[in-house]
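I sat down with this one today and kept a short notebook as I went. Here are the entries, in the order I looked things up.

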Amino acid sequence: MAEHGGLHSMCLNKVDCHSSSTLSSSSEQEGEIFTKLKVSLTEDYPQKNAEILSGQYGTNLLLIGVSLMLVIGNNGASVKEEHLLSFITTLIIVQLLWMMWYIVRRGMQSNLQAEKDVHATTSWIKGGLTLLALLSLIMDAFNIGYFVGYRSCLSAVLVVYPIIHATHTMAQVHFLWFHIKDVIKSFETFERFGVIHAVFTNLLLWCSGVMSEANHLLNHHNTRLTALGLENLTMVDMEPHCNCTISACSVFVNGLYYLYPFNIEYHIFVSVMLFVMWKNIGRTIDLQHNRKRLATKTQGLVVGPILGLAALASTIGVLVVYIIHVEESLDIRESTIAIFYYYGIVMLVLMCSAGVTGLLIYRADPMPMDTTKNPSRKLDTELLFGSSVGSWLISWCSVVAVSASRSSPSYRWTNLMYSLLSILEKYIQNLFIIESLYRQPEDAEREDAEREDAEVAGPAPEIFSMTSSLSPPYNGIINQAYENPDNGCVTLENVQKESGQVNGCPQKHLEVPRQVENNVEVTPSKKSQILKNIAVFLFMCNISLWILPAFGCRPQYDNGLEEETFGFTTWTTVLNFAMPITLFYRMHSVACLFEVFRRV
């Protein structure tokens with residue numbers, strides 16, 4: 001018994017041994033469960049839920065800012081613009097500190113090669129954002145000049161904010177150029193909160209710009225109606241209660257509202273790019289599909305650019321005519337609005353035709369779909385659909401207003417046709433863009449085909465071998481004469497062909513795979529040329545349809561049909577909500593169509 005010490009010495013019968021082993025196994029299971037619970041609470045829990053926690057944090061930041069904006073929009077005496085700007089400035093400073101910490105930490109890890117997502121952005125998108133950032137800096141300079149002119153009656157916050165905003169713009173552009181493609185694999189929970197803070201800070205800046213622009217347009221609309229004697233509305237006094245001390249105050253005031261659209265688009269695009277970075281945190285990159293595309297060829301681009309430039313030129317003409325004549329007499333006003341609708345109908349018909357042509361080409365010549373995981377492409381698809389809602393809401397309200405209105409101006413039925421075509425055009429354009437983005441690029445398909453051919457054909461022949469073109473290597477050594485000196489069957493350039501033999505050896509007819517010469521440039525097919533022209537034309541048309549509402553050409557405010565049907569308050573609320581989303585849809589379509597042009 002002594003030699004069977006331990007647990008066996010206490011096992012007097014089978015029942016005792018069984019109960020002891022059961023207790024031992026149960027205690028081990030409890031220990032394992034406790035260990036797993038401890039690990040899940042300390043490690044897995046924050047990693048699995050960091051996305052939800054950070055998303056809730058950012059959403060509440062945005063809602064706080066929107067709440068302050070709603071109070072200011074109602075001209076409440078308890079909350080002033082200075083309070084909102086102080087809140088936004090605090091958020092900007094926090095983002096600046098986070099970006100500084102990230103850049104310094106990334107610089108300390110320069111010896112480690114960070115993973116990159118090449119699809120997160122492109123150089124042309126970063127270049128466009130840099131241009132928008134420069135215009136935003138000009139807007140900040142105008143705000144500083146505006147404060148200098150009215151410094152005797154304005155709060156110091158109104159000059160601190162543009163200075164901080166300008167610093168934030170320059171630092172953020174640097175961050176986007178050098179770090180937006182990073183796939184973060186360390187400090188993931190903390191970085192999620194930092195990136196989402198930057199996302200919602202830019203969204204709040206976008207909302208602030210939208211609110212300022214909407215207030216300006218609404219006040220200008222009320223002034224126009226009062227001057228025409230159509231309404232007797234109360235205008236909000238937006239000028240400071242003191243005299244300007246410099247002569248350029250009017251330039252600063254008027255210039256700000258022409259720069260707001262660029263600042264608004266800058267912040268919403270930065271939000272989208274940072275959101276892609278947030279989705280990439282902790283992601284495993286598929287190296288096979290994480291490759292840069294080949295250079296885009298531009299042969300055959302004639303019809304698309306010509307039609308696009310014609311559309312852009314006509315857009316500038318319509319904008320000038322609308323701004324000049326919409327404030328004149330009632331008859332001229334109606335004619336001006338009718339001109340806009342005629343122009344819009346022609347543009348939308350051409351855009352629908354181009355989109356349908358592109359879809360028919362895809363149906364006639366189907367290509368394999370690209371099903372690889374790509375957060376940037378998925379977000380583009382979701383934003384196309386989501387931002388279409390704003391335009392669809394305005395269009396369906398116009399359809400209801402035209403059908404229900406008792407008045408019958410000259411542009412009534414053209415308004416109906418324009419609204420229906422706006423709905424149809426977005427259906428078709430969204431289908432064309434999404435199908436183009438999800439089709440496998442031709443360069444990738446060609447590379448896959450060449451890779452398959454190489455696998456079937458076997459290894460390529462040696463370059464510097466004299467025998468490589470006629471006979472395969474022997475035991476890994478190419479010079480067979482050196483390997484077997486007694487063997488007279490060698491294949492040199494001075495061969496003699498007699499009776500089907502080479503130097504007394506039977507001649508072997510080997511099939512050598514044909515090699516594609518690298519210096520031969522493959523011209524794009526007719527299908528690709530047509531698709532590229534369609535993409536360029538739609539690209540220019542979407543820029544045109546962004547320019548008109550961005551710079552004040554908004555007949556939805558001026559035609560009176562929707563306002564008569566829904567009421568002034570309800571209709572202006574709909575426009576203030578839907579119009580910024582519509583503007584974002586056009587600019588986002590521009591970015592997607594350029595990507596389509598590069599992929600075709």
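In which helix does Thr 381 lie? I found Thr 381 in helix H9. A word of care before going further: I am reading a predicted model.

**Entry: Thr 381**

Next I asked whether Thr 381 is buried or exposed. Its relative accessibility is 16%, and the cut-off for buried is under 20%, so Thr 381 counts as buried. I then looked up its partners, skipping neighbours within four places in sequence, and found Thr 381 in contact with Ile 434 and Tyr 438.

**Entry: Phe 87**

I moved to helix H2, which spans residues 81–108 and holds Phe 87. Which residues does Phe 87 contact, once neighbours within four places in sequence are left aside? My list reads Leu 61, Ile 64, Gly 65, Leu 68 and Leu 204. I checked Gly 65 further: 22 residues separate it from Phe 87 in sequence, while their C-alpha atoms are 7.6 Å apart in space.

**Entry: the nonpolar cores**

I wanted to know which residues touch the most other members of the largest nonpolar core. They are Leu 274 and Phe 432, in a core of 118 residues. Helix H6, residues 249–279, gives the most to this core, with 15 residues.

I followed Leu 274 outward, again leaving aside neighbours within four places in sequence. Leu 274 is in contact with Gln 172, Phe 175, Leu 176 and Ile 180, and also with Val 195, Ala 198, Val 199 and Asn 202.

There is also a second, separate core, made up of nine residues. Among them I noted Cys 397, Trp 571, Val 574 and Met 579.

**Entry: the cavities**

How many cavities of 30 Å³ or more does the structure hold? I counted five. The largest cavity contains about 300 Å³ of space.

I then went through the lining of that largest cavity, which comes to 22 residues. Nearest its centre lie Ser 391, Tyr 418, Ser 422, Gln 556 and Thr 582. By class I have 12 nonpolar, eight polar and two charged residues in the lining.

Which helix supplies the largest share of this lining? That is H10, with five residues. The helices that each supply at least two lining residues are H8 (330–364), H9 (375–404), H10 (412–438), H13 (526–550), H14 (555–558) and H16 (568–599). That brought me back to H9, the helix of Thr 381 where I began.

How values were computed. Residues are numbered from 1 along each chain as its sequence is written. This is a predicted model: local features need pLDDT of at least 70, side-chain atom pairs count only at pLDDT 80 or more; totals for chains, interfaces and linings use all residues. Side-chain values use heavy atoms; hydrogens and water are left out. On a 1 Å grid over the protein atoms alone, a cavity is a set of points where a 1.4 Å probe fits but cannot get out, and a pocket is an open set with protein on both sides within 12 Å along at least five of seven lines; lining residues have an atom within 4 Å of a point. Grid points are joined across faces, edges and corners, and a volume is the space filled by probe spheres set on the points. Helices (H or I, at least four residues) and strands (E, at least two) are DSSP runs, numbered from the N terminus. Ala, Val, Leu, Ile, Met, Phe, Trp, Tyr, Cys and Pro count as nonpolar, Asp, Glu, Lys and Arg as charged, and the others, Gly among them, as polar. Buried means under 20% relative accessible area, exposed over 50%, partly exposed in between (1.4 Å probe, protein chains only). Contact means heavy atoms within 4.5 Å. A nonpolar core is a set of buried Ala, Val, Leu, Ile, Met, Phe, Trp, Tyr and Cys residues joined through side-chain atoms within 4.5 Å.
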